[in-house]
Amino acid sequence: MLTPKGNEMESNPFVSVIIPTYRDEKRLQKCLDALQNQTYPAEDFEIIIVDNDEKENNHFSIKLPDNAVLKKETTPGSYIARNTGIKHAGGQVFAFTDSDCVPDPEWLQNSVICLAKGNDRIAGRIVLFCTSKKRTIAEAYEILFSFNQKIMAKSGKSVTANMACWRYCFDYVGEFDATLFSGGDTEWSHRASGAGLNIVYAPHAIVKHPARKSLKDLLIKRKRTAGSFPITSKTTRQPVFLLKGFMPPFWEWRTIVYSKKITLYEKIALIPISYFLKIYNTCVKIAIIRGWTNPSRY
């Protein structure tokens, strides 16, 4: 195992950065620009972009960095796209992020240093930023409830917007579940933790992620995450499931009321919105099981 010397390593493990993308060239370009500014030597990492557009011959206009390659995966789903990236990866370390993310200049360096301290996996810090001139209610909701990697790491999980691990983790546990449109990182994390592979929170391995800025964006996310794990039609008929699904989310309301991150106006607006989102999520789960709708892919 490598050992850190301050901020320097005895040797640099080769890193494969894996990025799935779906019709998101403008934001992908910003992600690639950030990866070209890494303090980690460019010769010691590769960037594998996996285009998940189902069109075989779609035009991809971005000029790739010298250490980047573009692969194609036409089967819908970000996790099967990540699996395609893994198949082409040559690194000792796999670092995952998304095309809408902006990695901090020291992201890879700090990820590798943390892994080299005897850790199998890391959950890097995700900093949400607003793209609206004036923060929207949806962005305030995201800031409160999205991407708390410190809490996720304590339960053995990490989202793939900012996750890194040694290659042997995938050799040992296997790839992501390619049938999932959402929650594949959680499902894989459960398998990794069950196999005894540890994970720690890495606060200095930072990736910036845009907060969703409209109610429509939040609903799209809820539809996608509602299909994360199979729920049988028998489950959706049980009174307990329906009762829990339509009860007010008191733990969210408590977070909203006591938070110092948002204004009083935002608190008042978010309480009914959080209840609406909970009901919508339950209804989508039932609709997916009944075959009335399909999960979103991104």
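This is a short group-meeting talk about the structure shown above, which is a predicted model.

Okay, hi everyone. Keep in mind throughout that we're looking at a prediction. I'll start with the sheet, go on to the cores, then a helix, and finish with salt bridges and a surface patch.

So, the sheet. There are 8 strands in it, it's open, and reading across you get E5-E4-E3-E6-E9-E8-E10-E7, with mixed pairing. At the edges sit E5, residues 68-72, and E7, residues 102-103. Each of those has a single partner strand, so one side of each has no neighbour in the sheet.

Let's zoom in on E6, residues 93-96. What runs alongside E6, and in which sense? With E3, residues 15-21, the pairing is parallel, over 4 bridges. With E9, residues 163-166, there are also 4 bridges, but here the strands run antiparallel. If you want landmarks, put Ser16 on your screen and you'll find it opposite Phe94. Ile18 has Phe96 as its bridge partner, and Phe96 also stands opposite Met163 over in E9.

Now, are the faces of E6 covered or open? Both are covered. Val93 and Ala95 are buried on one side, and Phe94 and Phe96 are buried on the other.

That takes us to the packing. The largest nonpolar core has 35 residues, and the ones with the most contacts inside it are Val15, Val17, Leu35, Ile47, Trp107 and Leu108. Quite a few elements give two or more residues to this core: on the strand side E3, E4 (45-51), E6, E8, E9 and E10 (199-210), and on the helix side H1 (25-35) and H3 (107-115). Which one gives the most? That's H3, with 5 residues.

There's also a second, separate core, with 18 residues, and it includes Ile18, Ala81, Phe96 and Trp188. You've met two of those names already: Ile18 and Phe96 are the bridge partners from a minute ago.

Stay with Trp107 for a second, from the big core. What does Trp107 touch, leaving aside residues up to four places away in sequence? The list includes Val17 and Leu35, then Ala95, Phe96 and Thr97, and also Ala205, Ile206 and Val207. Gln38 and Asn162 are on the list too.

Next up, helix H4, residues 137-145. How many of its 9 residues are buried? 7 of them, so to speak mostly covered. The buried ones are Ile137, Ala138, Glu139, Ala140, Tyr141, Glu142 and Leu144. As for what does the covering, strand E8 (121-129) is part of it, along with helices H8 (215-226), H11 (250-258) and H12 (264-290). And a little backbone detail: H4 is followed by Phe147, which has a positive phi, near 60°.

On to the charges. The structure holds 10 salt bridges, and I'll walk through a few.

First on my list, Asp51 and Lys72, with the closest N and O atoms 3.1 Å apart. Asp51 is in E4 and Lys72 in E5, so the pair ties together parts that are 21 residues apart in sequence. Asp51 is buried, at 3% relative accessibility, while Lys72 is partly exposed at 29%.

Then there's Arg82 with Asp98, at 2.8 Å, N to O. Arg82 lies in helix H2, residues 78-87, and Asp98 in the loop between E6 and E7, so this one links parts 16 residues apart in sequence. Buried or exposed? Arg82 is buried, with a relative accessible area of 4%, and Asp98 counts as buried as well, at 16%.

The third one is Glu266 with Arg135, again 2.8 Å from N to O. Glu266 is in H12 and Arg135 is in the loop between E8 and H4, so here the tied parts are 131 residues apart in sequence. Glu266 is buried at 5%, and Arg135 is partly exposed at 30%. And there's a network too: Arg23, Asp53 and Glu54 are joined by salt bridges that share partners.

Last thing, the outside. Leu243, Met247 and Phe250 make a nonpolar surface patch of about 310 Å². Leu243 sits in helix H10, residues 239-246, and is exposed, with a relative accessible area of 55%.

That's my tour. Happy to spin the model around if anyone wants another look.

Notes. Residues are numbered from 1 along each chain as its sequence is written. This is a predicted model: local features need pLDDT of at least 70, side-chain atom pairs count only at pLDDT 80 or more; totals for chains, interfaces and linings use all residues. Side-chain values use heavy atoms; hydrogens and water are left out. Buried means under 20% relative accessible area, exposed over 50%, partly exposed in between (1.4 Å probe, protein chains only). Contact means heavy atoms within 4.5 Å. Two strands pair if DSSP finds at least two bridges between them. A nonpolar core is a set of buried Ala, Val, Leu, Ile, Met, Phe, Trp, Tyr and Cys residues joined through side-chain atoms within 4.5 Å. Patches are made of residues with over 30% relative accessible area and no salt bridge: like charges are joined within 9 Å, nonpolar side chains (Val, Leu, Ile, Met, Phe, Trp, Tyr) within 5 Å. Accessible areas come from the Shrake-Rupley method with a 1.4 Å probe; for residues, only the protein chains shown count as cover. A salt bridge is a side-chain nitrogen of Lys or Arg within 4 Å of a carboxyl oxygen of Asp or Glu.
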